[in-house]
Every structure is written in structure tokens, then in C-alpha cells.
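Biologist: Got a minute to walk me through this model? I'd like to hear about the ligands and how the helices pack.

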Amino acid sequence: MRNTSSRILILDCGSQFTQLIARRVREARVYSEIHPPTQSLEWIRAWNPTGIVLSGGPSSVTDEGAPTVSRELLDIAPVLGVCYGMQLIAHLEGGAVVGGGRREYGRAEVVVDEPSGLFAGFDQGERTTVWMSHGDHVEQVPPGYVATAHSGSTCAGFRHEQKPIYAIQFHSEVHHTVRGAEIIQNFLFGVCHCTPDWTPGHFIDQEVAKIRALVGDRQVICGLSGGVDSSVAAALVHKAIGDQLTCIFVDTGLLRLHEREQVERTMGQHLGMKLITVRAEDRFLTALAGVGEPERKRKIIGEHFIRVFESASEEAGKNAAFLVQGTLYPDVIESVSAKGGPSATIKTHHNVGGLPKDMKFGLIEPLRELFKDEVRNVGRELGLPEEMVGRHPFPGPGLAIRVLGEVSPYALDILRRADAIYLEEIRAAGLYPEIWQAFAVFLPVRSVGVMGDGRTYEHVIALRAVTSTDGMTADWYAFPHDVLGRISNRIINEVDGVNRVVYDISSKPPATIEWE
Ligand SMILES: Nc1ncnc2c1ncn2[C@@H]1O[C@H](COP(=O)(O)OP(=O)(O)OP(=O)(O)O)[C@@H](O)[C@H]1O
Ligand SMILES: O=c1[nH]c(=O)c2[nH+]cn([C@@H]3O[C@H](COP(=O)(O)O)[C@@H](O)[C@H]3O)c2[nH]1
Ligand SMILES: NC(=O)CC[C@H](N)C(=O)O
Ligand SMILES: [Mg+2]
């Protein structure tokens, strides 16, 4: 199935950036997989890696139970150690790793001492901006190794004198490391001699084969929201099993203005698969009545989605064995500690942390390891129209996490009308494609205004628009002021109950994209 020639094995020592390493490798068109460092040497040899990456991680190499690998791993294939991975190589090979003293977090300058290997294409002595995140450091490189870079008095990179073993203290995989992608490519092509022939097409073939093998002749349903992720997931599964798939679109009562009609129309036009719409407005609104705490709201919504899927599957006489969801990597990392990593729960995405424990379905989540922009490319490869793949994300819990606090039909109605005006004006100004996501938020506070010489005491609508590539980090969008002015003016004039509009100028981090 995987008829590409090169494959990179990433051993995850627990870093929050491990998926970004995989992503950089995919961007360089090389196949990769992430596995725990506890895989046996035998397993690793059989996997036949063209190169191995040891990721960063939160532990110190001398901690009890810290992730480790056998020294023999270093002779199976070329190795790149990143941060903790570098410290681990140093430790295994007899160098000195110490804690305390020279901590570096965030932006740092590294000086290249040896412009070859990982630093091929750099100049001798060149200073390059990188992203660091470590408290321990390599005090002494192991015997048989030479330093290749430093930052201040700290070793920032080393390599083996003869063998293809390389390490860097900084995170080459993050966007803020200016020449990070180049460093990873130097490892892939300069050191491992990989062939760049992996494409989203290979991803599709591989997933189609996996899904066929898993499903056999059983029935499958897909939660289809009309959003990018579930549309791409549905198209992929449909390619694999055709009519065994039934899509279920739930009107939660938390959708935007006219969204149900729109989704039914576009899905019908472009997807050509069985689609059932379930009207569950009452069910969700009743379950949410009186609940104000964001995590509670998310869990209630997650559970009701599954219950609706269960009864819809039964009613359609399908008794599906599997549920397809368009879960992406950011949903996973924010909801749970992924793959044993150190990440904290930021918010419970309804489709991950919000799932009930006694769910009857097995899950099929073919996009679980990908980022949004990669999913869009898979969608394009599957032939989905730009109208579908270019859509702004819309969260499953919908307007329930945009009406802050308790959700009421009154607040939903105001929010729907304000949001529709906001998006209409963004489209009219031609700005929709350059904004990653834009939406209005209903604030449960009132402020004083004056309209037609009378006093008003009404609600505040906050507007949010962000730029991003993957939703993991985001910046607020710098609107032309005249567009903002037009939007505010229309919302206050046309939506009863609103007398003030504010614009959110927070980036993620430290804020998140949604307000709850
Ligand atoms: N109204 C809905 N009906 C059925 N399934 C839904 C609905 N909303 C969300 N889901 C399910 O939850 C998953 C996660 O939702 P999410 O919003 O992250 O993805 P999406 O809607 O497919 O894409 P996008 O991020 O572009 O909105 C979806 O992929 C889908 O499986
Ligand atoms: O389907 C979803 N279920 C959820 O529970 C959920 N919470 C956030 N989001 C979307 O995820 C992206 C990142 O959002 P945050 O910065 O708010 O975490 C943004 O695109 C959010 O809209 C969700 N999508
Ligand atoms: N990001 C990392 O890999 C950190 C490694 C190690 N725990 C340190 O703080 O130095
Ligand atoms: Mg969505």
C-alpha cells in the first residue's frame, strides 16, 4: 500500500511538539509515523526506518522512569535528537547532562559552529533565531562527538564524528525557529537520503485500505456537520466503503442562521452519499437549560451528540458498528494528554474529551493526526470543491460556547442575527479567505447606551477574527477600520437588544480562539 521509498520513525518522548515534527516531515513529502520509545529494537528494525527522530519531552534524562531507548538504536538508522532527544543521546553515549543554571524558554539566538550536516547551507558563525524550551543542558558532549552549534555558553547541537547521529537543543519543528524546516530537510535529505515522494494521495490510499480492513461488511455512520473536517472524513470513508456509510447531520439548535438548509443543500450537491438530518433542537436546549459552566456545557453536548447518533442509527435500521468523526490533532491535544505527553487539558472538545464512556460505536477518525491545512489539502485531493474545503471552522458545540454562560433561545437569536451580519460584511469586503475564522460572541452583560435620545440598557456583542495556519496558535486579524465600523453600525441598528459592539484583540496563546 505504502509504495513510497523512505520512512521516518519518530519516537515520542512526550513533547507537545512531536506532531509538528511529523508534520514538517510530511511537508517535505516523506512518510513518517509516531511511536512510543518503548518499542522493542526488534520491532524498530522490522519497521525499517530510513531515519529516526527522538523528540523532546518534559522529563530529565536522570529522572526515574524517564523515557529512554537502547544504545543500539543509534546504529539502526541515522538519528536526530531534538531537545530531550539530544539530552538522551548525550546521556546514553557518556556525555554530561545537567539541570539548573542555563534555562532557555522561547526565542534564542544560536551560533552555527559547523555549517554542514544539519546546518548545511548556513554560514560559519551565522546567528540564527530558534525556539528553545529546556531547563537541562548538555554540559559535555559525549566522547566521539563534536559540537556543531552553541547559544551563549550552552551547547545547542552536536554530531557523532563518524556515524550519522545528530542532535539539537532547540525545536527545529516550530514555526518560530526561522530556518527550522531547512534543518529538518537537511536531516531527511542530506543525512538520511530520503526520497520526497509521499503525497496526500498516499495518505488517502493508506487510510482507505485501513478502513476497508477494519470495517469489513459492517455498517458505518458519520457525524457530518458540513464543516471541513467531517466532509473530508466522510468523503474518505465513502471512497473506502461506499454505501455502507450513512451520514447523520444533527440540528442541535446551536447552528447559525439558516445553516441547516445550507448544509443540506451543499452536501446533497457535492457529496453524493446517504444523508439523514436529525432535528434535535429541543433535546440539546433542554439539556443545556440552566447550565453556565463551559466544561459542563461541552460534556453535555458531547454526550447528546452520541445519543442522537445511536438512536438515528437504530431508526435507520443500520445498527452501525462504527462512528466516523472529523477529529483533528488540535482537538485531541487540547482535550487530553496525547500519546502519554505532558499536555494539559485546555478545553474538552465535544468530539474527544466530551464522549460518553458507554458509547456503543467503535471510532473511525482518519484525520486524527493531521492539522487543518493538511486536511484541506486531502479534501482538495479527493476532489471536494473550494466552497467546502475553504470554509471557516465551526465548532460542534456551536453557538452554545459563543453565548457565554447560560444558553437561552433569546441570546441565541440575538447572536445568530449579529453573526450573520458580521459574516455577510466580511464576505462583501472580500476578506473571508484571508481570515482563518470569524464569529460573534454574546456577552451576558448589559451596558448603557443612548438611541433616539432615549436610554438603552442592552447587550454587548464581541467580534472575533483570527489568522492561523493550524488553529494551534492564532493572532487577531487587523481589520480595515471602515469594515469594522460598517459591521458595528449594522449590528447595533439591525439587531434588537444590542447597543454595543467590541472587537477582540487577543492572540492564542494566551487567549484561545473560542471564548469558552
Ligand atoms: N451538527 C453536527 N452534526 C453531526 N456531526 C457533527 C455536528 N457538528 C460536529 N459534528 C461532528 O463533530 C466533529 C468535530 O467537529 P468540528 O467542528 O471540529 O469539525 P467539522 O465541523 O467537521 O469541521 P470544521 O472544523 O471545519 O467545522 C465533526 O467532524 C463531526 O464528526
Ligand atoms: O468541533 C469542535 N468541538 C469543540 O468542542 C471545539 N472547541 C473549539 N473548537 C474549534 O477548535 C479551534 C481551536 O479553538 P480554541 O482555540 O478555542 O481551542 C477553533 O477553530 C474552534 O472553533 C472546537 N471544535
Ligand atoms: N523540551 C524538552 O525536551 C525539555 C527537555 C528537558 N526536560 C529540559 O528541560 O531540558
Ligand atoms: Mg464544525
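Modeller: Sure, let's take the ligand surroundings and then a helix pair. It's a predicted model, where local features need pLDDT of at least 70, side-chain atom pairs count only at pLDDT 80 or more, and totals for chains, interfaces and linings use all residues. Residues are numbered from 1 along each chain as its sequence is written, with chains lettered from A and ligands numbered from 1 in the order written.

Biologist: Which residues come nearest to ligand 3?

Modeller: Gly56, Cys83, Tyr84, His134 and Asp136, out of 13 around it; "around" takes a C-beta atom, placed from the backbone, within 6 Å. α3 (84–92) and β7 (127–134) each give two or more residues to that shell. Helices (H or I, at least four residues) and strands (E, at least two) are DSSP runs, numbered from the N terminus.

Biologist: And ligand 1, which elements supply its shell?

Modeller: α6 (228–241) and β13 (245–251) each supply at least two residues. Of the 20 residues around ligand 1, Gly223, Ser225, Gly227, Ser230 and Gly326 come nearest.

Biologist: New topic: how do α6 and α11 pack?

Modeller: α6 and α11 (residues 372–381) pack at about 40 degrees, axes 10 Å apart. Axes are lines fitted to C-alpha atoms over the stretch in contact, and angles run from 0 to 180 degrees between N-to-C directions.

Biologist: Which residues of α6 and α11 make the contact?

Modeller: Val228, Asp229, Ser231 and Val232 of α6, with Val375, Arg376, Val378 and Gly379 of α11. Contact takes C-beta atoms, placed from the backbone, within 7 Å.

Key. Contact = placed C-beta atoms within 7 Å.
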